[in-house]
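Morning, everyone. I'd like to walk you through one structure today. Please have a look at it first.

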Amino acid sequence: MSRTPHFGLATRCTFVVAAALGAGCIDVPAESKRPRLQTYVDDWRNEIIYQVLIDRFANGDVNNDFHVQAGPPARYQGGDWKGLEDHLDYIRELGVTTLWISPVVRNVDTDADVDAYHGYWAQDLTALNPHFGDLAALRSLTEHVHALGMKVVEDVVVNHLGQVFFYDMNMNGKPDIYTSGTRPGSRVMRTPEFDPDFDLRGVQAQTPLGIAGRAPLIFVRDPEISREPPKPGILGEARAYHGLGRITNFDDETQSRYGDFPGGLKDLATEVPEVRSTLIDAYLHWVEEANFDGLRLDTIKHVEHEFWQVFSPEVRERMRLRNKTNFILFGEALDGRDDLLGSYTQPGELDSVFYFSQHFRVFHDVFATAGDLKQQKPASAIAALWSEKSDHYGTLPQRDGIGVAPAKALVNFIDNHDRPRFLYDSNYDVRALRNALTFMFAEEGIPCVYYGTELDFYGGNDPANREVLWKTGFPTEGETFRHIATLARVRKSYDALRRGDTVVRYASNVTSGAPDAGLFAFERTGGDAGGAYALVVVNASNGQESSAPSPGMPVGAPPGTPLIDVLEPDHVPLVVNGDGTLAVTVPIQSTKILVPADQVVAN
Ligand SMILES: [Ca+2]
Ligand SMILES: [Ca+2]
Ligand SMILES: [Ca+2]
């Protein structure tokens, strides 16, 4: 494979000109001038998303390193937008095409010795997070990304803001730890007024005479940690919040929808029209200022469906009027229930969601557990999950959306910032990781790689899974890095892998004790890929090479077709038998991507 030459800051301008523009240097609009919006995406299934936690990727500007404590993973480490821009060569070499960056707006900086380095504790939606840079730095990043043919997605939270107010339960006007039950014989309860438990009546105040009705919500001014009354407009008023306290039972629908998110993150009254319009205006403002290409939507299952039914068409309409078509809306519901995930992709709602059910039932149950036969599920679990796709997810493209049905554009991911990394989960099984990556790049949908996967990062639960990347020196020679680069190149080369429909051809029921243990095969063909064809044969077993029973597995390619494994193009082609079956043996924990010889492209 050809290696992309490194190009430093000083020469990037020239390089970008040659590659993408043909004239002049990158024109980053000045503070006063909004960028000219346009659509940079043809088909979102052609994209490969790379998730970046800005604070952890690269530190390009030490001037914004206030409150940084190098080392502790729950503290700001100093990464910023400039750092990401400085390392686009690394990202290009990896082959990913769309950057999903952590939220850009100003946060409450810190709480209980944990910092908002992740960006999910919004305080002021009208201001950018000064830890990550200013508007010029953000615009410069997106302009440079676009010039390289890549895209950037804005990460947006509408469910809650950070810890911007406290519930004054003892009505003393101060945030403190409210103590109750101090009478003789009663149990003493200590409740932090920033984070009391859920109460459907609203968090209650107490006086010596008893319950005194709803505790006042008091917004706090502590500029030192950027804890100030929220902006804009109604977000600074109590009526913009549910004020019911923190969710204690996620299985309770009412709590899940109206409670504060753990950490005392204040739940917005998303059913109030003025709150809705304020959120839309505030987040689209940054799209218009920085030319983002889509929105990644946080915690969607904690917001009522009616919100998404208003939000989605309105965002699309606003973007269409600004010449931004194909503007993707994809959401995060951290939940294994496939039908629940799919409910957000029904007509009028989102273009896509993270395929969390697959994260649990395939990447964990089938791939990451390969080293533990008691835990590992057979490949038939993949077929079972996929068989429900068209029942659970939208099968029609959203109106004025991305032009692809949600069921065909789910965001596939192995792990992310809210989950232990795959290598941690799999007891450092690097072969399983690379096999899972091959599967993800060959399946239907949009692949999404969490930063650091390419460098075999192995952090466990949050915040250990949010490692500082720049300490590695951005090496590109490692085996997993090269593997992802190869997979990205292969996916870009074969229309079948990006746009073909899916037919499962084989799914073993066992994980051991039979010649076909761990074997799973699916075709990608038809649909928007026309006659393009690929047969993907996976062996998830780490104990044996596996084969379908003689004479082979039935396939859709005609008898006599020679099939070449594009990951091992020097191997002898496999030829489809006269009866339409294919004899194929796959080594331990590996995958073949078989393409008809006359469709193989040289690269
Ligand atoms: Ca910095
Ligand atoms: Ca108080
Ligand atoms: Ca909510």
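**Three calcium sites and a sheet**

Let's start with the calcium ion (ligand 1). Its donors are N59 (OD1), D61 (O), N64 (OD1), D65 (OD), G78 (O) and D80 (OD), at 2.2 to 2.5 Å. Donors here are N, O and S atoms within 2.8 Å of the metal (3.2 Å for Na, K and Ca); water is not among the atoms, so sites may look incomplete.

A word on the model. It is predicted: local features need pLDDT of at least 70, side-chain atom pairs count only at pLDDT 80 or more, and totals for chains, interfaces and linings use all residues. Residues are numbered from 1 along each chain as its sequence is written, chains are lettered from A and ligands numbered from 1 in the order in which they are written, and side-chain values use heavy atoms, with hydrogens and water left out.

Back to ligand 1. Along the chain, the donors of this calcium ion follow the spacing N-x1-D-x2-N-D-x12-G-x1-D. Is N59 buried or exposed? Neither: N59 is partly exposed, at 26% relative accessible area. D65 is partly exposed too, at 21%. The scale: buried means under 20% relative accessible area, exposed over 50%, partly exposed in between (1.4 Å probe, protein chains only).

Next, the calcium ion (ligand 2). D168 (OD), N170 (OD1), N172 (OD1), K174 (O), D176 (OD) and E193 coordinate it, E193 through two OE entries, at 2.3 to 2.7 Å. The spacing in sequence reads D-x1-N-x1-N-x1-K-x1-D-x16-E. N170 is partly exposed at 27%. So is N172, at 34%.

Now the calcium ion (ligand 3). Which residues hold it? N159 (OD1), R257 (O), D267 (OD, listed twice) and H302 (O), at 2.3 to 2.7 Å. N159 and D267 link distant parts of the chain: N159 is in the loop between β7 and β8 (160-161), D267 in strand β15 (residues 266-267), 108 residues apart. Strands (E, at least two residues) and helices (H or I, at least four) are DSSP runs, numbered from the N terminus. N159 is buried, at 1% relative accessibility. D267 is buried as well, at 1%.

Last, the sheet. It is open, with 8 strands in the order β18-β17-β16-β7-β2-β1-β20-β19 and parallel pairing. Two strands pair if DSSP finds at least two bridges between them. β18 (352-353) and β19 (411-413) are the edge strands, each pairing on one side only. β19 pairs with β20 (residues 446-450) over 3 bridges. There, V411 stands opposite I446.
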